[in-house]
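Subject: A structure for you to look at

Hello,

Here is the structure I promised to pass on to you. Please open it and keep it beside this message while you read.

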Amino acid sequence: ANDAGPHERVRVSLGVAVMMRLIMGPLIALVAVRVLGLEPQIAQGVMLQSGMPTALQALMISDGAQAPGLAAFVRSGVLYTTLLCIISLPILVSLIR
């Protein structure tokens, strides 16, 4: 049985979403640029863009949705991905040079 309350499940889901955005996005982009054989400068741009924080547009879209708690979840995702990009983007830049 799962003893985690709803707040704990949201926290775990948010953590997974943030990591998917900041880690899996660049990994998927890496595979894509290798498969497509993009020129180095274009590949670097794609890689850098893939590591950017969640867009505010997602928050605007979620505000209009009729799902309770969705806007708060997305708002948290935007906040955390933006804050963590202070760390992740310099690492990504150093890796793609």
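Starting at the N terminus, the elements of the protein follow the order α-α-α-α. Put as a count, that is 4 helices and 0 strands. Please keep in mind that this is a predicted model.

Let's take the overall shape next. Along its principal axes, the C-alpha atoms fit a box of roughly 45 × 35 × 25 Å. The radius of gyration of the protein is 16 Å, whereas a compact globule of 97 residues would come out near 13 Å.

How much of the protein is buried? The share is 24% of the 97 residues. As for the outside, about 6900 Å² of the protein is exposed, and 69% of that area comes from carbon and sulfur atoms.

You may also like to know how the chain meets itself. If you take the contacts between residues at least 6 apart in sequence, 67% of them join residues at least 24 apart.

Now to the charges. The protein carries 6 positive and 4 negative side chains, and 6 Å separates the centres of these two sets.

How many salt bridges does the structure hold? The number is 1, and the partners are the side chains of Glu-8 and Arg-11, with 2.8 Å from N to O. It is worth finding this pair on your screen. Both residues belong to helix α1, which covers residues 6–36, and because they are 3 residues apart there, about one helical turn separates them. Is each partner buried or exposed? Glu-8 has a relative accessibility of 34%, so this residue counts as partly exposed. Arg-11 has a relative accessible area of 53% and is therefore exposed, since the cut-off for that word is over 50%.

One more residue deserves a visit while you are in this helix. Met-24 also sits in helix α1, and its relative accessible area of 32% makes Met-24 partly exposed. Try locating Met-24 together with Ser-50. Along the sequence these two are 26 residues apart, and in space their C-alpha atoms are 9.0 Å from each other.

If you want a short route through the model, begin with the four elements in their order α-α-α-α, go on to the salt bridge of Glu-8 and Arg-11, and finish with Met-24 and Ser-50.

Enjoy exploring, and best wishes!

Conventions. Residues numbered from 1 in each chain as written. Predicted model: local features only at pLDDT ≥ 70, side-chain atom pairs only at ≥ 80, totals over all residues. Heavy atoms only, no water. Helix = DSSP H or I, 4+ residues; strand = E, 2+ residues; numbered from the N terminus. Rg over C-alpha atoms; globule rule 2.2 N^0.38 Å. Buried < 20%, exposed > 50% of the residue type's maximum accessible area, 1.4 Å probe, protein only. Contact = heavy atoms within 4.5 Å. Areas by Shrake-Rupley, 256 points an atom, 1.4 Å probe, with all protein chains shown as cover. Lys, Arg positive; Asp, Glu negative; His and termini not counted. Charge placed at Lys NZ, Arg CZ, Asp CG, Glu CD. Salt bridge = Lys/Arg side-chain N within 4 Å of Asp/Glu carboxyl O.
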